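This report describes a sheet, a helix lying across it and a surface patch. The sequence and the structure are shown below.

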Amino acid sequence: MSDDDRQAGPRTGPATATAGQAADEADAAAGLSTAPVEGAEEPAAGGGSFGGAREPGARGAAAWFGRELTGWARWFWRQLTSMRVALILLFLLALASIPGSLIPQDDVDSLLADDFRANNPGLSDVYERLQLFDVYSSVWFSAIYLLLFISLIGCIVPRTWQFVGQLRGRPPRAPRRLTRMPAYTTWRTDTAPEDVVGAAGKLLKRKRFRTDRGEDAAGAVHVAAEKGYLREAGNLAFHLALIVMLVAFAVGRLYYSEGGKLVVQDQGFSNVLPQYDDYESGTLFDVNDLEPFGFRLDAFHADFSRERVDLGTPTEFRADITYWDAEGNETPAEVEVNDPLHVGDSRVRLLGHGYAPVVTVTDAEGNVAFSGPVPFIPQDNALTSTGVIKVSDYVGPDGERDQLGFQGFFNPTYAIDEVRGPHSTFPEPDLPVLTLNAFHGDLGINSGLPQNVYQLDTTNMEQLQDGTGDLFRFDLLPGESIDLPEGRGTLTFERFDQWASFQITTKAGNEWALGGALAAVAGLAASLLLQRRRLWVRARTDADGRTVVEMASLGRTESAKIPAELAALAAALTHSAPVLPDGGPDEPAESAAAEGARS
């Protein structure tokens, strides 16, 4: 065997290669991918018409219009179902999700969204027109979502059927000129062609190749082998998993319920619609399907770091609760930020924490007009909290019915300056102070219009003044009381309790979404790590009566592993078909075969 015969690499034939050779090579590479052929059935060059020349008359015009409409519809469908467009839509879907993370959403935190509108009136008008406060239910987000769904289905279904056909088929016959393959090697041996091909078939089957034997027109025998089908299977599995995730997301939006509840220590919650502070559900969710359970907040534990670097960072954030099921069985449990409580299909998540001053108000006649805890809402990480106290059942000094309102701050670690006014410097109650302003008049709670329980409408109210004519404002420590001006009674700051806010959710499709995500990762790994390739072994008898063995390999994509694998298989085959020396220096058989497999 000459050195030229042993060389490998991209063998290119003469420039006058026949059409039959080109077709032979195309057959060898056919089916290595199920990707659709780009550029098929483009519009005709003559005026962009899909239907050719337009015949005269109304019938000709109608026929031409129908051909044009059909042609453009097919063209649009091919573009929509191409993998390129699917990837673009997937990128757009991720890009469209960014506003939903940066801009307060009405369906996530309506209070925060309302505050954003109040603080940014001009910008909010633009956001409203663009539906940026309801990104995930907006028209443009839904359009991207549906187009991606259609694109993936239209792309995957035909490719799946094509792949099934490939699995049922056999490896293609050996090309007439194996030297044109990217990886190639050859040698001569005294072993009969049938024995060489038989040994090659057994070797390839042990390496998990799918094989098929055949005979060429010139009388040579060959074995064709194929391997790496899991690459295309992984590619299809990845895109099918995306469809599963999209369906799970859609089902989750249609069959879900989500609500929030602020619970003060020693108070409880029952999972029924009137108990929620805010609630929303999917279009197809029935509120009668809410999980029958409830819970009570027994205690809340919150500790914060006092180290300079992590000052104010929570080191413990836990709610101790007791929950009960439909049969009334009570069970103690702990809920932490990343450890929700699971009750049937519902999840109870811990969201926030704050303080609820316990206040007692007596009227001018000395009767208790209000008594109980009032949650104040934190405004910063130091838990500077604002809140209002509404006293609707009150008798004034003139014996007439009146209403009182108080608004102000609760600061767990009190401080005051000219810039910020009363505020807190640390979230733990080192110096708890309640700071309030007082009003009397009409609270507006009997008007029939909805009100925010954490805001005071002072439109029809008058602020109280002290004996000097200044506006009445006071600071109280726990256990202290103050007399209201003009004999209007007293206000006592008894103590403060803690509260915790919870989110109660019921969502469908979570398991499917998780399964789809895992399948997508597995499919992507298979499509990236596995290599689809074909290999042929041909044996024929030359003029000297010797057997010429040819081996060639072709991969879907270029890879250094293809010639390396061919070299290893060739070296293994030389045990059954030893290499004949060239008459030059002795050369080990395995080294000669392996050296021939280069690309």
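Five strands form an open sheet in this predicted model. Their order is S1-S24-S23-S3-S2, and the pairing is antiparallel. At the edges are strand S1 (183-189) and strand S2 (210-215), each of which pairs on one side only. From one strand to the next, the twist averages 15°.

Within the sheet, strand S23 (residues 533-541) pairs with strand S24 (residues 547-555) in the antiparallel sense, over nine bridges. Arg-534 has Leu-554 in S24 as its bridge partner.

Helix H8 (residues 193-206) lies across S1, S2, S3, S23 and S24. H8 runs at about 10° to strand S3 (221-227).

The edge strand S2 contains Thr-211. Residues that Thr-211 touches, leaving aside those up to four places away in sequence, are Arg-170, Pro-171, Gly-201, Leu-204, Lys-205, Val-223, Ala-224 and Ala-225.

Away from the topic of the sheet, there is a nonpolar surface patch of about 590 Å². Its members are Ile-88, Phe-91, Leu-92, Leu-95, Ile-98 and Leu-102. Leu-92 is found in helix H4 (residues 83-102).

The table lists the accessibility of two residues.

| Residue | Relative accessible area | Class |
|---|---|---|
| Leu-92 | 33% | partly exposed |
| Thr-211 | 11% | buried |

Thr-211 counts as buried because its relative accessible area of 11% is under the 20% cut-off. Leu-92 counts as partly exposed because its value of 33% lies between the limits of 20% and 50%.

Note on methods:
Residues are numbered from 1 along each chain as its sequence is written. This is a predicted model: local features need pLDDT of at least 70, side-chain atom pairs count only at pLDDT 80 or more; totals for chains, interfaces and linings use all residues. Side-chain values use heavy atoms; hydrogens and water are left out. Two strands pair if DSSP finds at least two bridges between them. Helices (H or I, at least four residues) and strands (E, at least two) are DSSP runs, numbered from the N terminus. Axes are lines fitted to C-alpha atoms, for helices over the stretch in contact, and angles run from 0 to 180 degrees between N-to-C directions. Contact means heavy atoms within 4.5 Å. Patches are made of residues with over 30% relative accessible area and no salt bridge: like charges are joined within 9 Å, nonpolar side chains (Val, Leu, Ile, Met, Phe, Trp, Tyr) within 5 Å. Accessible areas come from the Shrake-Rupley method with a 1.4 Å probe; for residues, only the protein chains shown count as cover. A salt bridge is a side-chain nitrogen of Lys or Arg within 4 Å of a carboxyl oxygen of Asp or Glu. Buried means under 20% relative accessible area, exposed over 50%, partly exposed in between (1.4 Å probe, protein chains only).
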